[in-house]
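Please walk through this model with a focus on how its helices pack against one another, within a chain and between chains.

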Amino acid sequence: MENGVRRWLVNVSQWNPSEAQFASVISLFPVDEQTAITRYIKFEDKKRALVSRLLQYSLVHEVLGIPFDKIIIHRTAEGKPYLKNSIDFPFSNFNFNVSHHGDYVGIASEPLCLVGLDIVSITTPKQETELEFINNFSPYLTVLEWKNIAHAGSSEEMLAQFYRYWCLKEAFVKAIGAGLGYGLRRLEFHHTNWTGISVYIDGVESKKWRFSLSKLDEKHWVSIASGLPNKADELCCSNLSLPELGFTFRTVEELISNVN
Amino acid sequence: MASVTGTAISISARPSRRSLQVFNGLSVVKSVSFAGQRKSIPSIRSHPATSRFRVSCAAKPETLEKVCNIVKKQLALPENATVAGHSKFADLGADSLDTVEVVMGLEEAFGITVEEDSAQSIVTVQDAADLIEDLVCAKSA
């Protein structure tokens, strides 16, 4: 039975379309989406944007059975995509989130809980040292988080620690649809070697949010934030205690073939 | 927090408020407020937010050129990519990490501090250059 939960990933470095192939895939989407995709200057950004749409539409099509050309996805003022089509119970709270960075584009969906997803690609800074780079983000880290990063060991390890915290914070902010203006320093992540992750918001531990953080490869990490919407009673939602579903790798070719 | 209105400059610790969207029928936090120093990432939007702080003078060509170079370098754009005043940050592929870095880079290069409210009205590279010109003028005034 369809439960509305998905975790998909595409490795875009494995898709190298010709101009004609790219044009043919982009034509699957409404004009406003096409414009949004082609606005990007770098081809890699165009590609990630296209695969992001492909994942969104494919997922909605698969989970809810809406034909591709009937799917309407809008964005909030903060830029979060959401499904405009009205959906009946049990999927009336169905929501999804996408992320892309480096070689990966990912999507996660949930029927009830709010879900946020973030992928980070750990890149060694080119114009400064790791510590200088991380220091740029010190306003967005709490004292505890900063201490954990500073004590991580080598500069590579410190960089990796920073990126993990960033990934979790972004996943949370994206789940709540707050956009870039959210005060990231309000969030403090507690964990035991990056498992059993919980968030403290303004110093208070939140029981409504669950996080997972996994390694995709040497340079890429992905985090999922899922939280009970305010209206839901903690008791009524057993979803939060289920083990986190792993990611399924999809290919662009496979997704396109499922379109019709 | 430095704010520029016309030719006057006022410094105040003004709390900034963010109201989060009611999303898909699930209302999350309606509004949050916190005082004092910048705690949120200066966000560069794809469309301008209503801004009460209008920039009073356009950037000098050298300022714009310097901003373009910093942005181009920070975003690792290809050699043939044109970054000009009309270029929108969103189209250049800046993500949240890039945004923080670009603003930091601009702050360091020009010796200024960009406040998040001003940064919110930046859509194009020209907007950034104009804002910087204003802050630089204000600093030396």
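Before the helices are compared, it helps to know that an axis here is a line fitted to C-alpha atoms, for a helix over the stretch in contact, and that the angle between two axes runs from 0 to 180 degrees between N-to-C directions. The model is predicted, and the values that follow are computed from it.

With that in mind, the contact between the two chains can be described: helix H6 (residues 155-175) of chain A and H2(B) pack at an angle of about 115 degrees, with their axes 12 Å apart. Because angles of 65 to 115 degrees count as roughly perpendicular, H6(A) and H2(B) are described in that way. On the side of H6(A) the contact is made by Phe162(A), Tyr163(A), Trp166(A) and Glu170(A), while H2(B) contributes Ser96(B), Leu97(B) and Val100(B). Sorted by class, the residues of this contact are five nonpolar, one polar and one charged.

H2(B), which spans residues 96-110, also packs against helix H1 (residues 61-74) of chain B, at an angle of about 140 degrees and with the axes 10 Å apart. That angle makes H1(B) oblique to H2(B), and the crossing of the two helices is right-handed. From H1(B), the residues Thr63(B), Lys66(B), Val67(B), Ile70(B), Val71(B) and Gln74(B) take part, and they meet Asp98(B), Glu101(B), Val102(B), Gly105(B), Leu106(B), Ala109(B) and Phe110(B) in H2(B). Here the classes come to seven nonpolar, three polar and three charged residues.

Turning to chain A, UniProt, in an unreviewed entry, places the feature "domain: 4'-phosphopantetheinyl transferase N-terminal" at residues 14-111. Over these residues of chain A the chain is 39% helix and 20% strand, and the end C-alpha atoms are 30 Å apart.

Another helix pair in chain A is formed by H1(A) and H3(A), which pack at an angle of about 35 degrees with their axes 11 Å apart, in a left-handed crossing. Phe22(A), Val25(A) and Ile26(A) in H1(A) meet Phe43(A), Lys46(A), Lys47(A) and Leu50(A) in H3(A), a contact with five nonpolar, no polar and two charged residues.

Two of these residues also form an aromatic pair, and a search of the whole structure finds 22 such pairs over all chains. The ring centres of Phe22(A) and Phe43(A) are 5.2 Å apart and the ring planes stand at 55 degrees, so the pair is tilted. Since Phe22(A) lies in H1(A) (residues 19-26) and Phe43(A) in H3(A) (residues 43-64), the pair ties together parts that are 21 residues apart in sequence.

Conventions
Residues numbered from 1 in each chain as written. Chains lettered and ligands numbered in written order. Predicted model: local features only at pLDDT ≥ 70, side-chain atom pairs only at ≥ 80, totals over all residues. Heavy atoms only, no water. UniProt positions renumbered as here; feature names shortened; annotations may be inferred. Helix = DSSP H or I, 4+ residues; strand = E, 2+ residues; numbered from the N terminus. Parallel < 35°, antiparallel > 145°, perpendicular 65-115°, else oblique. Left-handed = near helix turned anticlockwise from the far one by under 90°. Contact = heavy atoms within 4.5 Å. Nonpolar A, V, L, I, M, F, W, Y, C, P; charged D, E, K, R; others polar. Phe/Tyr/Trp six-rings, centres within 6.5 Å; stacked < 30°, edge-to-face > 60°.
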